[in-house]
Amino acid sequence: MTVFLGGLLANVFDRHVREGLLKEEILHTSIAFGGGIIVAAVAFVLVPRGMAVLPMFPMAATFLAGAIFFYSLDSYIAKKGGSASQLLAMLLDFVPESIALGAIFAADPELGLLLAVFIGLQNFPESFNSFGDLSASGYSSRKCLVILFLLSFSGIVSATSGYYLLSDLPHLTAALMLFSSGGILYLIFQDIAPMSKMQNSRLPTLGVSLGFLVGMVGHKLLG
(Lines give C-alpha, C1' and ligand atoms only; values in the text may rest on other atoms or scores of the structure.)
Protein backbone atom coordinates (compact mmCIF):
# COMPACT_ATOMS: atom_id res chain seq x y z
CA MET A 1 0.00 0.00 0.00
CA THR A 2 3.01 2.31 0.15
CA VAL A 3 2.55 2.74 -3.61
CA PHE A 4 -0.75 4.50 -2.90
CA LEU A 5 0.44 6.25 0.29
CA GLY A 6 3.41 7.72 -1.58
CA GLY A 7 0.99 9.17 -4.11
CA LEU A 8 -1.17 10.67 -1.34
CA LEU A 9 1.86 12.34 0.24
CA ALA A 10 2.99 13.64 -3.15
CA ASN A 11 -0.45 15.17 -3.70
CA VAL A 12 -0.28 17.02 -0.36
CA PHE A 13 3.34 18.00 -1.00
CA ASP A 14 2.56 19.36 -4.47
CA ARG A 15 -0.34 21.45 -3.19
CA HIS A 16 1.27 22.96 -0.10
CA VAL A 17 5.03 23.26 -0.75
CA ARG A 18 6.15 26.15 -2.92
CA GLU A 19 8.52 25.76 -5.83
CA GLY A 20 12.12 26.43 -4.88
CA LEU A 21 15.39 24.93 -3.67
CA LEU A 22 13.83 23.24 -0.63
CA LYS A 23 11.22 21.48 -2.72
CA GLU A 24 13.86 20.30 -5.19
CA GLU A 25 16.06 19.03 -2.37
CA ILE A 26 13.18 17.05 -0.88
CA LEU A 27 12.32 15.50 -4.24
CA HIS A 28 15.91 14.52 -5.00
CA THR A 29 16.46 13.21 -1.47
CA SER A 30 13.39 10.97 -1.76
CA ILE A 31 14.81 9.50 -4.97
CA ALA A 32 18.20 8.88 -3.33
CA PHE A 33 16.57 7.41 -0.20
CA GLY A 34 14.61 4.89 -2.28
CA GLY A 35 17.78 4.00 -4.16
CA GLY A 36 19.66 3.37 -0.93
CA ILE A 37 16.94 1.05 0.35
CA ILE A 38 16.81 -1.03 -2.81
CA VAL A 39 20.62 -1.34 -2.83
CA ALA A 40 20.28 -2.73 0.70
CA ALA A 41 17.63 -5.18 -0.49
CA VAL A 42 19.95 -6.40 -3.24
CA ALA A 43 22.95 -6.61 -0.91
CA PHE A 44 21.29 -8.24 2.11
CA VAL A 45 18.48 -10.37 0.68
CA LEU A 46 18.22 -10.89 -3.06
CA VAL A 47 21.82 -11.63 -4.08
CA PRO A 48 22.89 -13.62 -0.96
CA ARG A 49 19.79 -15.78 -1.14
CA GLY A 50 20.18 -16.40 -4.87
CA MET A 51 23.90 -17.17 -4.62
CA ALA A 52 23.30 -19.64 -1.79
CA VAL A 53 20.96 -21.74 -3.92
CA LEU A 54 22.20 -21.59 -7.51
CA PRO A 55 25.49 -22.98 -8.91
CA MET A 56 27.97 -20.67 -10.62
CA PHE A 57 26.72 -20.72 -14.23
CA PRO A 58 22.96 -20.39 -13.56
CA MET A 59 23.73 -17.67 -11.01
CA ALA A 60 25.76 -15.62 -13.48
CA ALA A 61 23.37 -16.28 -16.37
CA THR A 62 20.22 -15.19 -14.53
CA PHE A 63 21.85 -12.09 -13.07
CA LEU A 64 23.17 -11.04 -16.48
CA ALA A 65 19.83 -11.84 -18.13
CA GLY A 66 18.11 -9.49 -15.69
CA ALA A 67 20.53 -6.68 -16.47
CA ILE A 68 20.13 -7.15 -20.23
CA PHE A 69 16.34 -7.39 -20.00
CA PHE A 70 16.05 -4.21 -17.95
CA TYR A 71 18.47 -2.46 -20.29
CA SER A 72 16.38 -3.43 -23.32
CA LEU A 73 13.11 -2.43 -21.68
CA ASP A 74 14.60 0.84 -20.42
CA SER A 75 15.75 1.64 -23.95
CA TYR A 76 12.23 0.99 -25.22
CA ILE A 77 10.77 3.18 -22.47
CA ALA A 78 13.17 6.01 -23.30
CA LYS A 79 12.11 5.94 -26.95
CA LYS A 80 8.39 5.74 -26.17
CA GLY A 81 8.25 8.27 -23.34
CA GLY A 82 5.08 9.30 -21.53
CA SER A 83 3.49 8.63 -18.18
CA ALA A 84 2.78 4.95 -18.87
CA SER A 85 6.50 4.39 -19.31
CA GLN A 86 7.23 5.94 -15.93
CA LEU A 87 4.79 3.58 -14.25
CA LEU A 88 6.25 0.62 -16.11
CA ALA A 89 9.72 1.54 -14.86
CA MET A 90 8.43 1.59 -11.29
CA LEU A 91 6.89 -1.86 -11.66
CA LEU A 92 9.98 -3.41 -13.28
CA ASP A 93 11.55 -4.20 -9.94
CA PHE A 94 8.37 -4.18 -7.80
CA VAL A 95 6.60 -7.17 -9.38
CA PRO A 96 9.55 -9.65 -9.51
CA GLU A 97 10.52 -8.70 -5.94
CA SER A 98 6.97 -9.26 -4.74
CA ILE A 99 6.79 -12.68 -6.37
CA ALA A 100 10.05 -13.63 -4.66
CA LEU A 101 8.71 -12.17 -1.41
CA GLY A 102 5.73 -14.52 -1.43
CA ALA A 103 7.94 -17.54 -2.06
CA ILE A 104 10.37 -16.53 0.71
CA PHE A 105 7.54 -16.04 3.21
CA ALA A 106 6.50 -19.67 2.77
CA ALA A 107 9.97 -20.93 3.72
CA ASP A 108 11.40 -18.18 5.97
CA PRO A 109 8.86 -15.71 7.44
CA GLU A 110 11.52 -13.55 9.14
CA LEU A 111 13.48 -13.09 5.92
CA GLY A 112 10.20 -12.47 4.11
CA LEU A 113 9.35 -9.74 6.61
CA LEU A 114 12.71 -8.07 6.04
CA LEU A 115 12.21 -8.09 2.27
CA ALA A 116 8.66 -6.79 2.71
CA VAL A 117 9.99 -3.83 4.71
CA PHE A 118 12.59 -3.13 2.02
CA ILE A 119 10.03 -3.26 -0.78
CA GLY A 120 7.50 -1.14 1.09
CA LEU A 121 10.01 1.58 1.96
CA GLN A 122 11.42 1.55 -1.56
CA ASN A 123 8.04 1.91 -3.24
CA PHE A 124 7.07 4.90 -1.10
CA PRO A 125 9.56 7.36 -2.68
CA GLU A 126 9.14 5.73 -6.10
CA SER A 127 5.38 6.32 -6.10
CA PHE A 128 5.98 9.79 -4.66
CA ASN A 129 7.98 10.67 -7.75
CA SER A 130 5.69 8.77 -10.14
CA PHE A 131 2.81 10.98 -8.99
CA GLY A 132 4.79 13.99 -10.19
CA ASP A 133 5.50 12.33 -13.54
CA LEU A 134 1.81 11.57 -14.04
CA SER A 135 0.79 15.10 -13.08
CA ALA A 136 3.33 16.57 -15.49
CA SER A 137 1.79 14.44 -18.25
CA GLY A 138 -1.59 16.09 -17.78
CA TYR A 139 -3.40 13.72 -15.43
CA SER A 140 -5.53 15.22 -12.66
CA SER A 141 -4.55 14.56 -9.04
CA ARG A 142 -7.59 12.33 -8.58
CA LYS A 143 -6.75 10.22 -11.65
CA CYS A 144 -3.12 9.91 -10.54
CA LEU A 145 -4.22 8.58 -7.15
CA VAL A 146 -6.68 6.13 -8.72
CA ILE A 147 -3.91 4.75 -10.98
CA LEU A 148 -1.49 4.33 -8.06
CA PHE A 149 -4.22 2.75 -5.90
CA LEU A 150 -4.95 0.15 -8.57
CA LEU A 151 -1.25 -0.51 -9.16
CA SER A 152 -0.70 -1.14 -5.45
CA PHE A 153 -2.69 -4.36 -5.82
CA SER A 154 -0.14 -5.72 -8.30
CA GLY A 155 2.18 -6.32 -5.35
CA ILE A 156 -0.51 -8.25 -3.47
CA VAL A 157 -1.28 -10.41 -6.50
CA SER A 158 2.42 -11.01 -7.19
CA ALA A 159 3.28 -11.93 -3.60
CA THR A 160 0.27 -14.24 -3.30
CA SER A 161 1.26 -15.97 -6.56
CA GLY A 162 4.79 -16.46 -5.31
CA TYR A 163 3.56 -17.85 -2.00
CA TYR A 164 1.33 -20.48 -3.56
CA LEU A 165 3.20 -21.27 -6.77
CA LEU A 166 6.91 -20.93 -5.94
CA SER A 167 7.18 -21.98 -2.30
CA ASP A 168 8.34 -25.48 -3.34
CA LEU A 169 10.62 -24.24 -6.12
CA PRO A 170 13.67 -22.72 -4.38
CA HIS A 171 15.84 -22.71 -7.51
CA LEU A 172 13.26 -20.81 -9.54
CA THR A 173 12.80 -18.35 -6.67
CA ALA A 174 16.56 -17.84 -6.44
CA ALA A 175 16.78 -17.28 -10.19
CA LEU A 176 14.00 -14.69 -10.00
CA MET A 177 15.80 -12.83 -7.20
CA LEU A 178 19.07 -12.74 -9.13
CA PHE A 179 17.24 -11.72 -12.31
CA SER A 180 15.67 -8.83 -10.40
CA SER A 181 19.01 -7.90 -8.83
CA GLY A 182 20.74 -7.60 -12.19
CA GLY A 183 18.01 -5.31 -13.48
CA ILE A 184 17.77 -3.27 -10.30
CA LEU A 185 21.49 -2.48 -10.27
CA TYR A 186 21.23 -1.36 -13.89
CA LEU A 187 18.30 0.94 -13.07
CA ILE A 188 20.05 2.40 -10.02
CA PHE A 189 23.07 3.60 -11.95
CA GLN A 190 21.20 4.44 -15.14
CA ASP A 191 18.17 6.27 -13.71
CA ILE A 192 18.04 6.64 -9.93
CA ALA A 193 21.57 7.83 -9.14
CA PRO A 194 21.62 10.57 -11.83
CA MET A 195 18.18 11.85 -10.73
CA SER A 196 19.24 12.08 -7.09
CA LYS A 197 22.03 14.56 -7.86
CA MET A 198 21.50 18.34 -7.76
CA GLN A 199 23.80 20.87 -9.34
CA ASN A 200 23.65 23.36 -6.47
CA SER A 201 23.27 21.01 -3.51
CA ARG A 202 25.04 17.89 -2.27
CA LEU A 203 22.58 17.24 0.57
CA PRO A 204 20.10 14.98 -1.33
CA THR A 205 22.80 12.39 -2.02
CA LEU A 206 22.94 11.67 1.71
CA GLY A 207 19.56 10.04 1.16
CA VAL A 208 21.36 7.04 -0.36
CA SER A 209 23.32 6.47 2.84
CA LEU A 210 20.21 6.95 4.98
CA GLY A 211 18.27 4.48 2.85
CA PHE A 212 21.04 1.90 3.06
CA LEU A 213 21.23 2.47 6.83
CA VAL A 214 17.54 1.58 7.09
CA GLY A 215 18.38 -1.69 5.37
CA MET A 216 21.30 -2.34 7.72
CA VAL A 217 19.13 -1.72 10.80
CA GLY A 218 16.35 -3.95 9.48
CA HIS A 219 18.80 -6.75 8.66
CA LYS A 220 20.38 -6.47 12.12
CA LEU A 221 17.04 -6.56 13.91
CA LEU A 222 15.78 -9.59 12.01
CA GLY A 223 19.13 -11.26 11.31
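**A tour from the second largest pocket to a salt bridge**

Begin in this predicted model by selecting Met1, Phe94, Ile119, Asn123 and Gly155, which among the 14 residues lining the second largest pocket are the ones that lie nearest its centre. Four helices each give two or more residues to this lining, namely H1 (2–16), H4 (83–107), H5 (109–136) and H6 (141–165), so colouring them separately is a convenient way to follow the walls. The space in the second largest pocket comes to about 210 Å³, and if you colour its lining by residue class you will find 8 nonpolar residues and 6 polar ones, with no charged residues.

Next, select Ser152, which lies in helix H6. Is Ser152 buried or exposed? Its relative accessible area is 4%, and because that is under the 20% cut-off, Ser152 counts as buried. Show its side chain, and you will see that a polar atom there lies 2.5 Å from the backbone oxygen of Phe149. If neighbours within four places in sequence are left aside, the residues in contact with Ser152 are Met1, Val3, Phe4 and Phe94.

Finally, move to Asp108 and Arg49, whose side chains meet in a salt bridge with an N to O distance of 3.9 Å. Asp108 sits in the loop between H4 and H5, whereas Arg49 belongs to helix H2 (residues 21–53), so the pair ties together parts that are 59 residues apart in sequence. The count of salt bridges in the model comes to 1. With the surface displayed, both partners should be looked at in turn: Asp108 is partly exposed at 28% relative accessibility, and Arg49 is also partly exposed, with a relative accessible area of 26%.

Methods: Residues are numbered from 1 along each chain as its sequence is written. This is a predicted model: local features need pLDDT of at least 70, side-chain atom pairs count only at pLDDT 80 or more; totals for chains, interfaces and linings use all residues. Side-chain values use heavy atoms; hydrogens and water are left out. On a 1 Å grid over the protein atoms alone, a cavity is a set of points where a 1.4 Å probe fits but cannot get out, and a pocket is an open set with protein on both sides within 12 Å along at least five of seven lines; lining residues have an atom within 4 Å of a point. Grid points are joined across faces, edges and corners, and a volume is the space filled by probe spheres set on the points. Ala, Val, Leu, Ile, Met, Phe, Trp, Tyr, Cys and Pro count as nonpolar, Asp, Glu, Lys and Arg as charged, and the others, Gly among them, as polar. Buried means under 20% relative accessible area, exposed over 50%, partly exposed in between (1.4 Å probe, protein chains only). A polar contact is a pair of N or O atoms within 3.5 Å; within protein, one must be able to donate a hydrogen and the other to accept it, and residues adjacent in sequence count only if both atoms are side-chain atoms. Contact means heavy atoms within 4.5 Å. A salt bridge is a side-chain nitrogen of Lys or Arg within 4 Å of a carboxyl oxygen of Asp or Glu.
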